[in-house]
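Q: I'd like a close look at the empty space in this model. Please walk me through it slowly, as I'm new to this.

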Amino acid sequence: MGWLLALPFLLPIATGLFALGARRKPRRARAISLLGCIGLFIVVVIIFVRVVDEGTIAAQMGNWPAPFGITLVADRLSAVMLLLAGLVGLVVAIFAQADVDLRREVLGFQGFYQLLLAGVCGSFVTGDLFNLYVWFEVMLIASFALLILGGERAQLDGGIKYVALNLVSTLFMLMAIGMVYGLTGTLNLAALHVALAEVDQPAALHMLAVLLIVAFGIKAALFPLYFWLPASYHVPPVAVTAVFAGLLTKVGVYALIRTFTLIFPADFSFAHDLLLIAALLTMLSGVIGAASQYEFRKILAFHIISQIGFLVLGLALFSPLALAGSIFYMVHNIVAKTNLLLISGTARRMTGSFNLAEIGGLYRVSPVLAAVFFIAAFSLAGFPPLSGFWAKLMLVTASLEQAAYWVAAVALITGALTLFSMSKIWSEAFWKPHPTGEVRSLTSLTVSERIQRMLPTVLLVAITLGLGLFPQPLIQFCETAARELLDPAGYVATVLPSRGG
Amino acid sequence: MSSVILQGTTRLLVALILLFSVYMLMRGHNLPGGGFIAGLIASAAFVLYALAWSLQEARAALRVSPVKLAAIGALLSLASAVPGLLKGFPPFTGLWLFIGGGEGDKGIPISTVLLFDVGIYLAVLGAVLALFFTIEVD
C-alpha cells in the first residue's frame, strides 16, 4: 500500500533524473520521459480503481505512525485529481514531442517537466500540511524553470512576476503553518480535524483562514490575487502553458477544498462568505479580462481565472451538490482547458501567430482541428450536451437551492461572456480567411508530428464528449466524493486508526 | 580577484569547512544538522574557493560536474528506499545494519537513513554549485 501511494511522486522524480542525465541526447530523454508518463498514468489508474473499490486508503512513510510521520492519503477527491494529473501529464508529454524545440530539451526540459508532475502528484496525495508546502515548493521550482527555459526576454519578464508573487504565497502559507502548529501541535491534516475543533480562539481561526485563503488564493489565481497569471502564461512554449493551465492553478483550488472541508469546522461561515465573494469576482473579472484580449492564448489564460471562480464557488456554497459540482467542474475544466491550449499551439503552427488579427482560414484547411476546437470551446462555455453544461447545471442548481439567486445570475452571465470570447476565436481564427493566405493544412505536417499534435487533442475531446453524453457515472462519483469531504470521519479513521475517528 | 591573504586563509578554511560539513551530516541523525544544511555548508566551501582563486579552479577542485553530482545524490536518496521495498516495509522505512557488533556493543550502525542523508548532501551541494557556477559566468 505504502509503495502504491508513494509511486505517483517517486516515479516522476526517478524518470526526471534519468531524463536529465540523458538531456544531451534529446531523443533518448524524450523516450524516457514518455515512458515515465505512461508508467505514472498506469499507477494513478490503479490507485483510482482501488479507491473506488475500497474507499479512502492511507500509508505512513518510513513506518512512522500518524500523526508523527508523513501520511499519504488518497480519498475520492485525491484519486480523481491524481487521475487527471496522470492524464494531462501523458497527453502533454506526447504533444511536447512536437512542440518543444531541441534547444530547450538540451537545457533539461524533460527533467523539469517530470519534477513538476512529481510536485503536483505529491500535493494531491499528501496528508500533511507541511509536506504540502514542500510539494508546493517543488512545483514552484519546476514551473519557474519551465517558464524561463530558453531565456527569451519575454520569458524572463513573465518568470520574474510569476516567481515574485508565488514566493509571497509561499510565505503566507509558511506563516499559516507556523500558526497551526502553535495552536494545535500537529500538522497532520486528519489530526488537525480533531485538534482544531477544540481550539476556542475565534480570532486566531479567522486569521488562519485569511492566511490560507491568501496563500492558496495566489496559487489558484483568485480575485484579486491573479495578476501573475496573465502576465506569465503566454510566454513559454504552449505545451508548458497547457500543463500549467491544466494542473497548477487546480492544485491551489484542491488545497483550498482540502483545508476548508477537512481542518476547519463545517459551520465556518466567515471563510465561506469570503470565498463566495472572491469566487464571484474571480468569475466576472476573468471573463471580462478575456473579452478585452485579442490573442488566442491570452484569451484562454484569462478564462482559466474565470473558471477558477466556478471551482471555488462550489466550495463556498458548501452543500453536497455544490461540492460535487466543483469536482465535476474540475474534471471537465482540466480536460477542456488543456485541450484548448494544445489546439491554440497547433493553430499557431498552421497560421504562424497567436494574434487573432493575423490569422484565419483554419476551418477551410483543417476541418478536424476546427471540429475539436468547436467541441472543447463550447463545452467550456457550458453548451448542452457537453461536459461543461452538466458542471454548470450542478453549480447553478446548488446556488438556487440556497436561494442565492444573484450567484446563479453571475454564473450565467459568466457563461454568456465565455461564449462571446469563444465565438470571437472561432470567427477570427477559423472562419474568416487568412489575411495573407499563408495557412498550412494538417496534411502538410509529417506523419509523426501530426500524430503527436492530434492524438492528445482527439483523446481529450473524446473524454469531453463522453462526459457530456454519459455524465451519470461521474456525477454519482462526485456526489460520493462530496459526501466524503463533508463528513471527514472516515478520512480521519483511516489515517488515525487508534482514535477510531 | 587575487589577494594573498584571502588565498592563504582559504586553503585552511576550505578544509575546515568541508570537515565541518561532514560533521554536521553525521550529527544530523539525532541532533540539529543533516544532509541539507551540511550540503549548504560544503557548497559554501567551494564558493569561497571560487572567490579566492577562480571559477575554473573551483570547478576543477570539484572534479565532477555539479549537475551530475546533484543527480547522483538524488538517485542515492531514492535508492535508500529500496531495502525497505525488498523487506516489504513502507517506503523510506529506516533499516539498520550493524557492523562488527559484539557483547554489549552494537557495532557501527549503517542505515538507510544515512544513505538518504548522504544523497541529500550531494544533491544540495550539486544544485547550489550548479546555480552559483551558472550565475558567476558572465
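What follows goes through the enclosed spaces and then an open one.

A: Before we start, this is a predicted model, where local features need pLDDT of at least 70 and side-chain atom pairs count only at pLDDT 80 or more, while totals for chains, interfaces and linings use all residues. Residues are numbered from 1 along each chain as its sequence is written, chains are lettered from A and ligands numbered from 1 in the order in which they are written, and side-chain values use heavy atoms, with hydrogens and water left out.

Let's begin with the sealed spaces. Searching the whole structure turns up 2 cavities of 30 Å³ or more. A cavity here is a set of points, on a 1 Å grid over the protein atoms alone, where a 1.4 Å probe fits but cannot get out, and lining residues have an atom within 4 Å of a point. Points are joined across faces, edges and corners, and the volume is the space filled by probe spheres set on them.

The largest cavity holds about 90 Å³ of space. Look for F136(A), M139(A), L140(A), S143(A), Y162(A), N166(A), K219(A), W228(A), L248(A) and T249(A) around it, as these residues form its lining. Three elements of chain A each give two or more residues to that wall: α6 (129–148), α7 (153–184) and α11 (238–262). (Helices are DSSP runs of H or I with at least four residues, numbered from the N terminus.) If you want a place to start, pick α6(A), which gives the most to this lining, with 4 residues. Sort the lining of the largest cavity by class and you get 6 nonpolar, 3 polar and 1 charged residues. (Ala, Val, Leu, Ile, Met, Phe, Trp, Tyr, Cys and Pro count as nonpolar, Asp, Glu, Lys and Arg as charged, and the others, Gly among them, as polar.)

Now for the second largest cavity, with a volume of about 30 Å³. Its walls are made by D75(A), R258(A), T261(A), L262(A), E484(A), L485(A), P488(A) and Y491(A). Here α11 and α20 (472–486) of chain A are the elements that give two or more residues to the lining. You've already met α11(A) at the largest cavity, and at the second largest cavity α11(A) provides the largest share of the lining, 3 residues. The class count for this lining is 4 nonpolar, 1 polar and 3 charged residues.

Last stop, an open space. The second largest pocket contains about 340 Å³ of space. A pocket is an open set of points with protein on both sides within 12 Å along at least five of seven lines. It has 17 lining residues, and those closest to the pocket's centre are D99(A), P237(A), V238(A), R348(A) and F354(A). In chain A, α3 (76–99) and α14 (320–351) are the elements that give two or more residues to the pocket lining. Of these, check out α14(A), which gives the most to it, with 3 residues. By class, the residues around the second largest pocket come to 6 nonpolar, 2 polar and 9 charged.
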